[in-house]
Amino acid sequence: MINKEEIENLTQAHEEDFILNVGPQHPSTHGVLRLKIKLQGETVVHIEPHLGYIHRSIEKMCEASSYRNFIYLTSRMDYLSAHINNQACAMAVEKGLQLEIPKRAKVIRILMSELTRLASHQLWWAATGLDLGATTPFFVGFRDREVIMDIFDETCGSRLTMDYNVPGGTMFDLHPNFQKNVHAFLKGFKKNLPEYHQLLSGNIIFQNRTKGVGYLSPEDAVSFGCSGPTARGSGVSCDIRKWHPYDGYEEVQFNEVLETAGDCYARYCVRMKEMEESVKIIEQLIDNIPEGDFQDKTKAVLKLPKGEFYSRVETARGELGVYLVSDGTSKPYRMKFRSPNFSNLSALRQIAVGGKIGDLVANMAMLDLVIPDIDR
Amino acid sequence: MKFLIEYIGTVLKSISSLWSGMRLTGYYFTHPKEIHTQQYPDNRATLTLGERFRGEVVLTHDENNEHKCTGCTSCELACPNGTIKIVYKNVVDEEETGKKKKAIDEFVYHLGMCTFCNLCIIACPTDAIKMSHDFEHSTFDRKSLTKILNKPGSKLMKGVE
């Protein structure tokens, strides 16, 4: 940890210091994040993230819309795991209604969540390659992601912001071709996964740029509130799917991926192995989708009882918490989202200070930031 | 001497790792048939969209220029963005009762505000509206994004309440 005095020392300007602005429109920030960086020579001595360039006040907008309507807004937070965001909100509302959703809806939700996680990690892998100077991974990653997008398109009606989860289950039933297409995707992806390792994991330039770079100790990971692959790369066990199973995750067999090195390469390995675990979960469920309703019947206007409801899920980037306060009317009194990216970004200073400016891009890539989720 | 052997070993390993990556890139370069990219404006004829694809909201009319919208405003209430606005008019029901009756005058749809969340389609009790597959929405004039979905002279289908 950097203590207060050290920060004050660092923030004082020296004659030889160089202040550099990265962003808000830098391609490697993956969005409109602005970093104010203080350099001494090539060494980063201070980083100050500036937020607010894409603030849309989603929490406040949620308070003005009904319990059925606010869910669609949350697809626009972490747009790469839109489905998992929708699931978290639907779960919070279901908790308030004391609704147990049908078994078929649960299985559909898990399948869609894991497909979303795969798509998200594929895009992260593709963009990481591009950030670190390799162009081919971008096309290889997008090739496999496109198949998942087509599956979403067929079942949910939309490719990126699915809005497929509603309180009480899912919006539609699965498309008749769903199982066939997922089987085809799994077959293709398992064949293609060695290509991912061949292109990037084993590459000597990539390894030199990530191994031993950006060390985050487990203590720091906990104190900054990191979650997801960022924390698991430092050996902190924090998978919500394991610790607080939701929507039937307790019935599927999978391993929580942990790495102990705590550097960029460890975070990379966690995500690569998580893809394999997601494939494992999908394989267990795809042939055993129970028959029955996909949606529980709910009233047209939902009214939650007075109280506070909290639900947490594991998105592709970490823990998303949805805190909902109800005053008994048809609109939420207060919404609060605990987004994984905001906490993960706060660890950036710890990771990148002391390193070189060239390593900053690698550090940013391995945190896998989605800026609309930070600003909300 | 030991250092030198290690050094040369690392160099050889590095070259082999770079070669294996480049080999894959070269493979796709020489096998263009395995590339999945479609050239969008050129593939319009072969482009297939899923049946649930959400393009824009349309009000379905049959061959007699009749629609099913009773003007119950379920869609208007379900829309999170205020995209839909239904304007009423009073019509005289000439055939049966001869009394004045409410009917829709204009089904106004602001395409520019729509987020294609499908909530209006689900809320509609008479299945009057649906999502079309038309997705090329860009125009030069913002005014053209405000659409009136009911065709001129159209009226409510018989038997739909």
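User: Which residue stands opposite Tyr109(B) in strand 6 of chain B?
Analyst: In this predicted model, Lys147(B) of strand 6 stands opposite Tyr109(B).

User: What makes strand 4 and strand 6 of chain B a pair?
Analyst: Three bridges join strand 4 to strand 6 (residues 146–148), and the two run antiparallel. Pairing requires at least two bridges, so the criterion is met.

User: How do you know that strand 3 and strand 4 of chain B pair?
Analyst: Strand 3 (residues 84–92) and strand 4 (residues 100–110) share nine bridges in the antiparallel sense. The requirement is at least two, and therefore they count as paired. Within this arrangement, Tyr88(B) stands opposite Ile104(B) of strand 4.

User: Why is the aromatic pair of Tyr249(A) and Phe254(A) called edge-to-face?
Analyst: The ring centres lie 6.2 Å apart, with 65° between the planes. The distance falls within 6.5 Å and the angle is over 60 degrees, so the pair is edge-to-face. A search of the whole structure finds 16 aromatic pairs over all chains.

User: Are Tyr249(A) and Phe254(A) buried or exposed, and why?
Analyst: Tyr249(A) has a relative accessible area of 1%, and Phe254(A) has 5%. Buried means under 20%, so Tyr249(A) is buried and Phe254(A) is therefore buried as well.

User: What makes Arg271(A) a charge over the ring of Trp124(A)?
Analyst: The charged end of Arg271(A) sits 5.1 Å from the ring centre of Trp124(A). The distance cut-off is within 6 Å, so this value satisfies it. Ring pairs also link Trp124(A) into a cluster with Phe206(A), Tyr265(A) and Tyr268(A).

Key
Residues numbered from 1 in each chain as written. Chains lettered and ligands numbered in written order. Predicted model: local features only at pLDDT ≥ 70, side-chain atom pairs only at ≥ 80, totals over all residues. Heavy atoms only, no water. Phe/Tyr/Trp six-rings, centres within 6.5 Å; stacked < 30°, edge-to-face > 60°. Buried < 20%, exposed > 50% of the residue type's maximum accessible area, 1.4 Å probe, protein only. Lys NZ or Arg CZ within 6 Å of the ring centre and 35° of its normal. Helix = DSSP H or I, 4+ residues; strand = E, 2+ residues; numbered from the N terminus.
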